[in-house]
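Open your viewer and get ready to click along. We will stop at a few sites, one selection at a time.

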Amino acid sequence: MSNGATTKEGPGPAAAARTQNPKLRTQEEKLDLLAAVAVEVGLGLKRGQELLMTAPLEALPLVRRITEHAYRAGAALVTTLYTDDEATLMRYRFAPDESFDHAAKWLYDGMGTAFASGSARLAVAGGNPGLLSKEDPEKVGRANRAVSKAYRPALELITRHAINWTIVASATPAWAAALFPGEPAEAALEKLWNLIFSTTRIDREDPVSAWRAHDANLQKRAAFLNGKRFAALQYRGPGTDFRLGLADDHWWLGGGTTAGNGIYCIPNMPTEEVFTTPHKDRAEGTVTATKPLSYQGTMIEGIRVRFEKGRIVEVHATEGEEVLRKLIDTDDGAGRLGEVALVPHSSPIASSGQVFLHTLFDENAASHIALGQAYSSCLREGDKLTPEELAARGANTSLIHVDWMIGSEKLDIDGITAGGTAEPLMRQGEWAD
Ligand code: ZN
Ligand code: ZN
């Protein structure tokens, strides 16, 4: 096995760990491998690039490994912004009411400036998924809206794939406790770490080449769908009878993508989806979510919505309905769809049987759709189109982009050709061919 092409300063600790039996690796080595894979495969970080990272405080061990690998890869500067769940809660306890219409605009402007001047972006996920569940949904909604607004210009560079970016996860005590409530803290944390390592292929003999092979598979699947040029998808499953038109000139993506700055990156780790842009005016029928949605610290469960002419006209949720309604009311595009993604039920994340309460994982366990902003890179030549041209092809615009899961082993999906013929695409949650 050779890694000479990617290791500029001789084989470091990661190169050594890569040759070992996965079963004999220590936690330290696995953490180091995850960091190496995030920097090398996820970001494709280039010598001289800055890196802007965000992470929960509890992710410090992983952040330090990522920082080391980023500098080894030639990063000019690594800057990390930490979030603290306790500090977030203090705002809900003690801040004046008007606080909830504020966001640190200067910070998001700064992030936008960093992206525009060539910085790469890495987000470490792993905060407490239920952090704000007991807080006033009105305040949560206002705070989320303020952040969405302030972050919009910077986020636009991310959704357009102007720069190389990726998201990886760190296990944290609060997240682990939410997933394994009855278990001792240490055992829960270890369980979550092992799930993260297995779903991000760190348990393979050579995680980097495992990722390259997986990426090639997703690319192949996307190419097949791009060749088909389906006009719509038809979904049938328990509580779901739904037809979703695809945007004119839609383009399926899966795995990695070449960002506008010319750097090849894999934006989500894990990733199991192939996805494209639906037409914002062409969703009809009823869809029932198959997993709970954790949205900015609130759990929304039992989602069932009905669409007419692309827009949600009926909303139900057994839990968190008010937050869901507020989310949909964010703006004009928040009640329309900006993404459709296909994920087989046999994905490693679905096979683990674990609900992660984090979109990064759960969206890769099941086929899903997303309310809100569309990815312009999911349209042919989309990055060159004006906002008006994008809208004319059916791409949705919104401050939000929220994925929710509708796939299961009971879901059938047909591709509908321009001529109206139905072709089986997925059966019982698996690819039909
Ligand atoms: Zn997705
Ligand atoms: Zn999405």
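A cavity, in the sense used here, is a set of grid points where a 1.4 Å probe fits but cannot get out, and its volume is the space filled by probe spheres set on those points. One thing to keep in mind throughout: this is a predicted model.

**Stop 1: the zinc ion (ligand 1)**

Select the zinc ion (ligand 1) and show the side chains around it. Which residues hold this ion? Its donors are Glu273 (OE), Glu339 (OE), Glu363 (OE) and His368 (NE2), at 2.0 to 2.3 Å. Turn on angle labels and you will find 76 to 152° among the four donor atoms, an irregular site. Along the chain, the donor residues follow the spacing E-x65-E-x23-E-x4-H. Glu273 sits in the loop between β9 (264-265) and β10 (274-276), while Glu363 sits in the loop between α12 and β17 (368-372), so this pair ties together parts that are 90 residues apart in sequence.

Now colour by accessibility. Are Glu273 and Glu363 buried or exposed? Glu273 has a relative accessible area of 5%, under the 20% cut-off, so it counts as buried. Glu363 is buried too, at 4%.

**Stop 2: across to the zinc ion (ligand 2)**

Keep Glu339 selected and add the zinc ion (ligand 2). Glu339 bridges the two zinc ions, which lie 3.4 Å apart. For the zinc ion (ligand 2), the protein donors are Glu339 (OE), His401 (NE2) and two OD atoms of Asp403, lying 2.0 to 2.5 Å from the ion. Why is this arrangement called irregular? Because its four donor atoms subtend angles of 55 to 146°. The sequence spacing of these donors is E-x61-H-x1-D. Glu339 belongs to strand β16 (residues 337-342) and Asp403 to strand β18, so to speak two distant parts of the chain, 64 residues apart, that the pair links. Glu339 is buried at 2% relative accessible area, and Asp403 counts as buried at 8%.

**Stop 3: the largest cavity**

Leave Asp403 highlighted, as this residue also belongs to the lining of the largest cavity. How many cavities of 30 Å³ or more does the structure hold? There are four, and the largest has a volume of about 70 Å³. To see its walls, select Lys291, Pro292, Leu293, Ser294, Leu357, His358, Thr359, Asp362, Asp403, Trp404 and Met405. By character, the lining divides into five nonpolar, three polar and three charged residues. β12 (293-295), α12 (359-362) and β18 (401-405) each supply at least two of them, and β18 gives the most, with three.

**Stop 4: the second largest cavity**

Next, look for a space of about 50 Å³, the second largest cavity. Its lining includes Val343, Pro344, His345, Ala365, Ala366, Ser367 and Gly407, and also Leu411 and Met426. Which kind of residue is missing from this lining? The charged kind: the division is seven nonpolar, five polar and no charged.

**Stop 5: strand β1**

Finish by selecting strand β1 (residues 50-56). Six of its seven residues are buried, leaving the strand mostly covered. Add strand β2 (residues 77-83), and you will see the two pair in the parallel sense over seven bridges. For one example, click on Ala55: its bridge partner in β2 is Tyr82. As you look, recall that in a regular strand the side chains alternate between the two faces of the sheet.

Methods:
Residues numbered from 1 in each chain as written. Chains lettered and ligands numbered in written order. Predicted model: local features only at pLDDT ≥ 70, side-chain atom pairs only at ≥ 80, totals over all residues. Heavy atoms only, no water. 1 Å grid on protein atoms, 1.4 Å probe; cavity = no way out; pocket = protein on both sides within 12 Å on 5 of 7 lines; lining within 4 Å. Helix = DSSP H or I, 4+ residues; strand = E, 2+ residues; numbered from the N terminus. Nonpolar A, V, L, I, M, F, W, Y, C, P; charged D, E, K, R; others polar. Donors = N, O, S within 2.8 Å, 3.2 Å for Na, K, Ca; no water. Tetrahedral: all angles 85-135°; square planar, octahedral: opposite > 155°, others 65-115°. Buried < 20%, exposed > 50% of the residue type's maximum accessible area, 1.4 Å probe, protein only. Pairing = 2+ DSSP bridges.
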